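Reader: Could you take me through one part of this model in some detail? I'd like to see a single helix and what surrounds it along the chain.

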Amino acid sequence: MAGKLVKSAGPRARRFVDESRPKVEKAIQDARPKVEKAVEVYRPKVEQAGREAVKYAQEHEEELKGLALKSARMRLGPLGMAIDALGIGAQPAPPAAVPRPCPSCRTTNAVDAKFCSKCGARLPGASEAKGNPPA
Ligand SMILES: [Zn+2]
């Protein structure tokens, strides 16, 4: 019955492991020289490539930083776009400084002017200023 089955499966599994162990060990032994030879052959190439990569990275530091930032943003997908939108990692754009024409007389006033210099009309977009237009 069940108990008997488990009892007989145990030694059988153990025997299987014991029997295959020499094969596995032989396979590892056979493979080791090949692996070591491959490491020996490739090590100088890998080291040379590493030195070249470091040299390239030093010569193109700013460029690579930009590329890394760009690819990081691409990997981030929508989050990267949100970061772009927030201007993180980039110089914040100065607020648009556009001279506003007077709504009444079309005179172009200074960017920070609150009232028209010619007719005294309140200019659109001007912050809520207290007081009267200059006389
Ligand atoms: Zn005006």
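Author: Here's a look at helix H2, with the chain around it for context.

Keep in mind that this is a predicted model. The protein chain has three helices and zero strands, so to speak an α-α-α run from the N terminus on. Of its 135 residues, buried ones make up 2%. Contacts tell their own story: take the pairs at least 6 apart in sequence, and 4% of them join residues at least 24 apart.

Now to H2 itself, which covers residues 61-76. Is the helix the length you'd expect, and what do its ends say? At 1.5 Å a residue, its 16 residues should span 22 Å, and the end C-alpha atoms are indeed 22 Å apart, so the two figures agree. As for cover, H2 has hardly any: the count of buried residues among those 16 is zero.

Step just past the end of H2 and you meet Gly-77, with a positive phi of about 65 degrees. Further along comes helix H3, residues 78-86, and in the segment after H3 sits Arg-106. Arg-106 also has a positive phi of about 65 degrees, although it is not a glycine. That's worth a second glance, because most residues other than glycine have a negative phi. Arg-106 counts as exposed, because it has 10 C-beta neighbours inside 10 Å and the cut-off for exposed is 12 or fewer.

Note on methods. Residues numbered from 1 in each chain as written. Predicted model: local features only at pLDDT ≥ 70, side-chain atom pairs only at ≥ 80, totals over all residues. Helix = DSSP H or I, 4+ residues; strand = E, 2+ residues; numbered from the N terminus. Buried ≥ 20, exposed ≤ 12 C-beta atoms within 10 Å, placed from the backbone. Contact = placed C-beta atoms within 7 Å. Expected span 1.5 Å × (residues − 1).
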